[in-house]
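Notebook open, structure loaded. I'm jotting down what I look up as I go.

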Amino acid sequence: MKYKNAKDILPPELIEMLQDYYEGGYLYIPQRTAAAKRKETAYKVELEKRDQHIYRKYLEGWSREQLVSLYHLSESSLRRIILKQKRRYQEMKDNIKEMISRWGVECNQLVQKNPAVWEVNGSHVIKMYEDKEQLERNIAIVSALNDCGIPVTQMLPTTEKKFYVEKENQYYILYKKLEGNTITEIHDLEMAYQMGQVIGRLHIAFKECEEKIDFWNNNLLEEMQ
């Protein structure tokens, strides 16, 4: 086995911590087992999902106090998560602008609405997918709902007459923005009643769409678990 100098691999603060326990000799660091690696990877994936959920709610207008209470985090941890997500999606901004040009649209204003959705010029919305199959299913569903007379958002074709743009295993689609605003809490009885009517119309439309699209069975309890 070839030995390496810890100074060439480990950060200084970690070396200082190790020196509190052992210094001046050789130290063997065993490899993690395959199961341990899978467990760590799964844990990181869940943390990333949680952080994205937090950032989505933050963009929707949830206060820091609400998020701290909901996710049982400290103020400093919440700030760190929001800052990390902001930096991540700021790096995406130039890429999003490049994608928008494929529709022949000049991007004068770009506002992030959630981790995968950006509002363009206040009149359009561009959405990013990482699952091509899900994207194609959504395109089919929107088309079918439109045929049923449901007021869904309109997909816009690119200058190449395609409904989406692919880049580095990510897929982008541009919509016309629907009128309205995002709300996080509803205490108005009339609004709740109107939402119930909309859900009812969607239910009827999906029944009609079953002849055109194969739907999978959803189990809310399983998804929540």
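I started at a helix end. Asp188 caps the N-terminal end of H6, with a side-chain oxygen 3.2 Å from the backbone nitrogen of Glu190. Note to self: this is a predicted model.

Then I looked at the helix itself. H6 covers residues 189-209, which is 21 residues. From first C-alpha to last I get 30 Å, close to the 30 Å expected at 1.5 Å a residue.

Next, the core. I pulled up the largest nonpolar core and found 23 residues in it. Those with the most contacts inside it are Leu78, Ile96, Trp103, Trp118, Ile126 and Tyr172. Helices H2 (34-60), H3 (64-71) and H4 (75-100) are among the elements giving it two or more residues, and so are strands E2 (117-120), E3 (124-129) and E5 (170-176). Which element gives the largest share? That's H4, with eight residues. General reminder for the margin: in soluble globular proteins, nonpolar side chains tend to be buried together.

On to Lys167, which sits in strand E4 (residues 165-167). Buried or exposed, I wondered? I'd call Lys167 partly exposed, because its relative accessible area is 23% and buried would need under 20%. I also checked Lys167 against Met99: they are 68 residues apart along the chain, with their C-alpha atoms separated by 8.7 Å.

Last, a pocket. The second largest one has a volume of about 760 Å³. It is lined by 21 residues, and the closest to its centre are Lys4, Asn5, Ala6, Leu27 and Ile29. Sorting that lining by class gave me 12 nonpolar, five polar and four charged residues.

Technical notes:
Residues are numbered from 1 along each chain as its sequence is written. This is a predicted model: local features need pLDDT of at least 70, side-chain atom pairs count only at pLDDT 80 or more; totals for chains, interfaces and linings use all residues. Side-chain values use heavy atoms; hydrogens and water are left out. On a 1 Å grid over the protein atoms alone, a cavity is a set of points where a 1.4 Å probe fits but cannot get out, and a pocket is an open set with protein on both sides within 12 Å along at least five of seven lines; lining residues have an atom within 4 Å of a point. Grid points are joined across faces, edges and corners, and a volume is the space filled by probe spheres set on the points. Ala, Val, Leu, Ile, Met, Phe, Trp, Tyr, Cys and Pro count as nonpolar, Asp, Glu, Lys and Arg as charged, and the others, Gly among them, as polar. Helices (H or I, at least four residues) and strands (E, at least two) are DSSP runs, numbered from the N terminus. The expected span of a helix is 1.5 Å times one less than its number of residues. A polar contact is a pair of N or O atoms within 3.5 Å; within protein, one must be able to donate a hydrogen and the other to accept it, and residues adjacent in sequence count only if both atoms are side-chain atoms. A nonpolar core is a set of buried Ala, Val, Leu, Ile, Met, Phe, Trp, Tyr and Cys residues joined through side-chain atoms within 4.5 Å. Buried means under 20% relative accessible area, exposed over 50%, partly exposed in between (1.4 Å probe, protein chains only).
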